[in-house]
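Here is a short, friendly briefing to read alongside the structure. Take a moment with the view below, and then let's walk through it together.

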Amino acid sequence: MDITYEKSLKELHTFATEESCNCHIVCYDTNDVRQVVTDYLQDDTPYLVIGGGSDIVFTERFNGIIISPIIMGIDIVSEGSESTIVRAGAGVVWDDFVKWCIAHELWGAENMSGIPGHVGASPVQNVGAYGAEAGDIIKQIEAIEIATGRSVTIPAEECRFAYRNSRFKEEWKNRFIITHVLFELKSKASPNLTYSALKQAINSPEPTLQEIRDAVISVRDSKLPDPALIPNAGSFFKNPIIDKVYADRLKEQYPDMPVYVVNEESTKIAAGWLIEQCGWKGKSIGPAGVYEKQALVLVNRGGAKGADIQNLANAIIDSVRSRFNITLEPEVYIY
Ligand code: EPU
């Protein structure tokens, strides 16, 4: 393992705010994780596990230990006629995992091409895009339990995957450090073209995995900024799920408002649309801005401190609340 004291957080998260932490520990295998758990996490020192740092914004110094489990490797566990089980290390870059699946002709991850971050973070907030979610293909999780240092395996059915949520974000927060994720991928072609912009971008009736990946990446590139060029953390807020009766009333007033049925009582509204309606698209407060092509994405236009991002986020929440009576909640983890 590698330990660095007084580490800048700028290079550890894609929003790249100028904050720092007391200590950063990189773990390269399960034994490193177990050792960190027993040697560093058994007192009250605050700690945080981060993967690619693509869904977190540091708004202040972190007075504690940041742990990065950079556990690599992708292996086939079992192959059947219908599906193949693949085990990937928590530190594998998510999109490298997607590319690996495509190279091995395995279906299920392709719609999630280009999502930033690491495999180990995928179950925590059930990452997703273009009609697919990580929870749809996750079979099992391997982790170290922090209280005991024990290795545990957790079946997907116990993770309670939901829209950008799982038990790892709720009652299991700070209970485990994920070391590996097992995925079940389909061996036979099963394109998922439920997302209309993706369907439109694909010409073939029986697209290949590579054609789907290329279409996903072109749709993504048309809307989402590359964090390497413009620091950001993807969608900053969740799409709010609101009472259907109120959503129907809004829809009458704003027929263009994008809505997604959740169930008989609830409707999901596109937060990007709400933010755009409030006039924020392309606007900035100091170095913190709202991306020109997708109002749900906040960006660091250069040198933003955490407080700049927080100010902008609060101003957006206030405008959406006063215009629509809907309270936006962050999708990113704000520390
Ligand atoms: N819209 C606007 N104005 C905007 C942005 C969006 O009117 O500025 C409208 C769009 O026209 C569309 C609707 O809102 O009708 C939804 O927009 P989009 O398809 O771009 O997706 P989203 O709901 O804003 C979600 C995920 C993204 C994911 C896309 C595609 C959340 C919080 N975000 O965004 O995930 O890539 O769907 O599946 O659910 C992320 O989690 O970081 C992320 C980027």
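Strand 12 (176-186) makes the biggest contribution to the lining of the second largest pocket, giving three residues. Do keep in mind that this is a predicted model. The notes below start with that pocket and then turn to the ligand.

**The second largest pocket**

- Its volume is about 260 Å³.
- A set of 14 residues lines the second largest pocket, and those nearest its centre are Trp107, Gly108, Asp136, Ile137 and Lys186.
- Along with strand 12, helix 3 (134-137) supplies at least two residues of this lining.
- By character, the lining of the second largest pocket has five charged, five polar and four nonpolar residues.

**Polar neighbours of the ligand**

- Around the ligand there are 23 residues, and Tyr130, Tyr163, Arg164, Tyr195 and Glu276 come nearest.
- Tyrosine 130 places a backbone N or O atom 2.7 Å from a ligand oxygen atom.
- Alanine 295 likewise has a backbone N or O atom 2.7 Å from an oxygen atom of the ligand.
- With glutamate 276 it is a polar side-chain atom that lies 2.6 Å from a nitrogen atom of the ligand.
- On its own the ligand has 820 Å² of accessible area, and the protein covers 81% of that.

**Where the ligand shell comes from**

- Two or more shell residues come from each of strand 8 (128-129), strand 13 (232-235) and helix 7 (271-277).
- Helix 7 provides the largest share, three residues.
- Domain 2 (74-195 + 215-222) and domain 3 (225-334) each contribute at least three residues to the shell.
- The shell residues comprise 12 nonpolar, six polar and five charged.

How values were computed. Residues numbered from 1 in each chain as written. Predicted model: local features only at pLDDT ≥ 70, side-chain atom pairs only at ≥ 80, totals over all residues. Heavy atoms only, no water. Near = heavy atom within 4 Å. Polar contact = N/O pair within 3.5 Å; in protein donor to acceptor, adjacent residues only side chain to side chain. Areas by Shrake-Rupley, 256 points an atom, 1.4 Å probe, with all protein chains shown as cover. Helix = DSSP H or I, 4+ residues; strand = E, 2+ residues; numbered from the N terminus. Nonpolar A, V, L, I, M, F, W, Y, C, P; charged D, E, K, R; others polar. Domains from an automatic or database assignment. 1 Å grid on protein atoms, 1.4 Å probe; cavity = no way out; pocket = protein on both sides within 12 Å on 5 of 7 lines; lining within 4 Å. Points joined across faces, edges and corners; volume = space filled by probe spheres on them.
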